[in-house]
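Grab a pencil and open the viewer. Here are some short exercises, each with a solution you can follow step by step.

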Amino acid sequence: MEESVILDGICHQFCEQGLEAVYWTFWDSRYIFPPSPDFPYGRFDYKGLWILKDDDFLTIFDKKTGKKIVWSGFISLWTDRIGRIHQRNVSRKKWIRWFRKEYPAKFTPGPNQTKKSS
């Protein structure tokens with residue numbers, strides 16, 4: 001039996017030119033680099049990007065202290081009739097805030113992940 005991998009990072013609302021949707025993602029902190037002379041705004045390496053899938057486990061912490069849990073559970077996504085992706089049993093307004101404001105989080109990939117943790 002494989003050991004569960006728990007990654008530290010942030011929630012992130014991912015959208016890129018050419019994508020038809022916004023994706024709810026987790027970005028592994030090992031691949032987030034602070035500003036430097038070459039990259040004055042910092043940079044996120046795509047190796048740390050995880051698109052959330054059903055049965056992943058995510059714990060989101062408050063933005064101020066990074067200690068209090070604001071939400072924790074298994075990812076269970078559904079798409080509404082106009083194509084927006086939602087997490088079940090969480091208000092859309094809260095979910096959007098946590099991802100747009102990049103709240104700290106812990107992530108355990110579920111069985112539906114095709115990406116392997118490094």
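**Exercise 1: the helix**

Which residues of helix H1 (residues 92–100) are buried? Work out how they sit around the helix axis, and what they pack against.

*Solution.* Before starting, keep in mind that this is a predicted model.

Step 1. Look for residues under 20% relative accessible area, since that is the cut-off for buried. In H1 these are Trp95, Ile96, Trp98 and Phe99.

Step 2. Now look down the axis of H1: the buried residues fall within an arc of 160 degrees, so they line one face of the helix. A bit of background helps here. An α-helix has 3.6 residues a turn, so residues three or four places apart point the same way.

Step 3. Check the face of H1 turned away from the buried side. There you find the exposed residues Lys93 and Arg100.

Step 4. Finally, see what the buried residues of H1 pack against. Their partners are strand E1 (7–14), strand E2 (23–28), strand E6 (57–61), strand E7 (69–74) and strand E9 (85–87).

An extra to spot: just after H1, Glu102 has a positive phi of about 55 degrees.

**Exercise 2: the whole chain**

List the elements of the protein chain in order, then decide how its radius of gyration fits the globule rule.

*Solution.*

Step 1. Count the elements: the protein chain has 1 helix and 10 strands.

Step 2. Walk along from the N terminus, and you read β-β-β-β-β-β-β-β-β-α-β.

Step 3. Turn to the radius of gyration, which is 14 Å for the protein chain. The globule rule gives 13 Å for 118 residues, and the two values are close, so the chain is as compact as a globular protein of that length.

Step 4. Add the dimensions. Along its principal axes, the C-alpha trace spans about 45 × 40 × 30 Å.

Step 5. What share of the 118 residues counts as buried? That comes to 36%.

Step 6. Now for the contacts. Take those in the protein chain with a separation of 6 or more: 53% of them are between residues 24 or more positions apart.

**Exercise 3: the sheet**

Write down the strand order of the open sheet of 6 strands, and find its edges.

*Solution.*

Step 1. The order is E5-E2-E1-E10-E6-E7, and the pairing is antiparallel. As a reminder, strands of a sheet pair through backbone hydrogen bonds, either parallel or antiparallel.

Step 2. The edge strands are strand E5 (49–51) and E7, as each pairs on one side only.

Step 3. Neighbouring strands of this sheet are turned by 30 degrees against each other on average, ignoring direction.

Step 4. Count some bridges. E6 and E7 run antiparallel and are joined by 5 bridges, with Leu58 standing opposite Gly73 in E7.

Step 5. Move on to strand E10 (residues 104–108). This strand pairs with E1 in the antiparallel sense over 4 bridges. E10 also pairs with E6, again antiparallel and over 4 bridges.

Step 6. How does Lys106 in E10 fit in? Lys106 is the bridge partner of Asp8, and also of Thr59.

**Exercise 4: two side chains that meet**

Are Thr59 and Ser72 buried or partly exposed? Say what links their side chains.

*Solution.*

Step 1. Place the residues: Thr59 is in strand E6, and Ser72 is in strand E7.

Step 2. Compare each value with the cut-offs: buried is under 20%, exposed is over 50%, and partly exposed is in between. Thr59, at 11% relative accessibility, counts as buried. Ser72 has a relative accessible area of 36%, so this residue is partly exposed.

Step 3. Find the link. A polar contact of 2.9 Å joins the side chains of Ser72 and Thr59.

Step 4. List the other contacts, leaving out residues up to four places away in sequence. Ser72 touches Phe57 and Leu58 as well as Thr59. Thr59 is in contact with residues including Ile69, Trp71, Pro104 and Ala105.

**Exercise 5: sequence and space**

Take two pairs of residues, and set their separation in sequence beside their distance in space.

*Solution.*

Step 1. Ser72 and Ile60 are 12 residues apart in sequence, and their C-alpha atoms are 6.1 Å apart.

Step 2. Asp38 and Val22 are 16 residues apart in sequence, with 28 Å from C-alpha to C-alpha.

Step 3. Where is Asp38? Asp38 lies in the loop between strand E3 (32–33) and strand E4 (43–44). With a relative accessible area of 67%, Asp38 is exposed.

Definitions and conventions
Residues numbered from 1 in each chain as written. Predicted model: local features only at pLDDT ≥ 70, side-chain atom pairs only at ≥ 80, totals over all residues. Heavy atoms only, no water. Buried < 20%, exposed > 50% of the residue type's maximum accessible area, 1.4 Å probe, protein only. Helix = DSSP H or I, 4+ residues; strand = E, 2+ residues; numbered from the N terminus. Arc of directions from axis to C-beta. Contact = heavy atoms within 4.5 Å. Polar contact = N/O pair within 3.5 Å; in protein donor to acceptor, adjacent residues only side chain to side chain. Pairing = 2+ DSSP bridges. Axes fitted to C-alpha atoms, helices over the stretch in contact; angles between N-to-C directions. Rg over C-alpha atoms; globule rule 2.2 N^0.38 Å.
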